[in-house]
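Dear colleague,

I am passing on the structure we spoke about, and below it you will find my notes on one pocket and one helix pair. Please read them with the structure open beside you.

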Amino acid sequence: MKNKTSLICGSLAIDIIMQYEGRFGDTLLADQLHKVNVSFLVPTMRTEFGGCSGNIAYNLKLLGGEPRIVGVMGQDCAPYLERLQQLGISTENILIKKDAYNAQCFVTADSDNNQINAFHPGAMSFAHENEIAKAGPAAIAIISPDGHLGMLKHADDLSKLNIPFIFDPGQQMPMFTPEQLIDFINKASYVTCNDYEIELLMDRTGLTLPEIASRLQALIVTRGEKGSEIYTDGKRIDIPAVAAEALDPTGCGDAYRAGLLYGLTNELGWETTGRLASLLGAIKIAHKGAQNHVLSKEQIADRFEAAFGYRF
């Protein structure tokens, strides 16, 4: 039987989301930002499971895929580990650092959906201590935002193990030198970025979009409600966005990447793979939190058929 395991390298985090009922702009004075000392009353607060690898694995499991997370958690890991185990997602390759806390993001949003965030990387900073080789053979891997030393080491290790991987730099891109980014591109089989990130990647590396694509099996660029583009074999494939009520964008990119992994491991072809990824992003954006949409593979297939006229 063909190995369809996907190694998911990336952060595992807890998101603490608080809602301020007013507007930050009514409290923050433009001419006094050099001495800010403010407090926002947040009547509502919720805790969500998140992090790139957790979100990607969650969505891939919904499709019936075989995710194996390679990440790091801290002393407060028990509830998240229990959740992953209940979902049937392997936790064997999650390293536990007893002297650190889980990565955590503290989000305060106002009535205009502006956000003030504080991110504590915690155990994520030790990603380089988690050995890829211990995860065993795999069909594919993805390096999503994580501790920057871990991302560098995982790329080296995957390259040596001849496991093709998707490079998903995300918000960690500024942490790398131009030379390191070029090395990632040269080692990866695929690169995926959103519209802002691809501009930053080109600016940092000095490479044009066609030059980046020429070094890869495929370059995938997402553009929100404008859909996405897949550059492969010297051509561009346009993937339409799927209409959805935009309730919460948190984790939409991770859902999209799960679609890419499923399509690649099941050899669905780029047209179908991109459309499935687009659909997963649309399903996610209609739900609050990154891991609160609950659908069976059959229900996802039904929505795919309704959107595109055939089943994947």
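The second largest pocket is lined in part by two helices, α8 (252–265) and α9 (270–285), each of which supplies at least two residues of its lining. Please keep in mind throughout that this is a predicted model. Of these contributors, α8 gives the largest share of the lining, namely three residues.

The volume of the second largest pocket comes to about 150 Å³. Its lining is made up of 13 residues, and those closest to the centre of the pocket are Tyr190, Gly263, Leu264, Thr265 and Glu267. Sorted by character, the lining residues of this pocket comprise seven nonpolar, four polar and two charged ones.

Helix α8 also takes part in a packing with helix α2 (residues 52–62), where the two axes come within 8 Å and cross at roughly 55°. Since an angle that falls between 35 and 65 degrees is neither roughly parallel nor roughly perpendicular, α2 and α8 are therefore oblique to each other. The crossing of these two helices, α2 and α8, is right-handed. On the α2 side the contact is made by Cys52, Asn55, Ile56, Asn59 and Leu60, while α8 brings Asp254, Ala255, Arg257, Ala258, Leu261 and Tyr262 to it. Taken by character, the residues in the contact of α2 with α8 are seven nonpolar, two polar and two charged.

With best wishes

Methods. Residues are numbered from 1 along each chain as its sequence is written. This is a predicted model: local features need pLDDT of at least 70, side-chain atom pairs count only at pLDDT 80 or more; totals for chains, interfaces and linings use all residues. Side-chain values use heavy atoms; hydrogens and water are left out. On a 1 Å grid over the protein atoms alone, a cavity is a set of points where a 1.4 Å probe fits but cannot get out, and a pocket is an open set with protein on both sides within 12 Å along at least five of seven lines; lining residues have an atom within 4 Å of a point. Grid points are joined across faces, edges and corners, and a volume is the space filled by probe spheres set on the points. Helices (H or I, at least four residues) and strands (E, at least two) are DSSP runs, numbered from the N terminus. Ala, Val, Leu, Ile, Met, Phe, Trp, Tyr, Cys and Pro count as nonpolar, Asp, Glu, Lys and Arg as charged, and the others, Gly among them, as polar. Axes are lines fitted to C-alpha atoms, for helices over the stretch in contact, and angles run from 0 to 180 degrees between N-to-C directions. Angles under 35 degrees count as roughly parallel, over 145 as roughly antiparallel, 65 to 115 as roughly perpendicular and the rest as oblique. A crossing is left-handed if the near helix is turned anticlockwise from the far one by less than a right angle, and right-handed if clockwise. Contact means heavy atoms within 4.5 Å.
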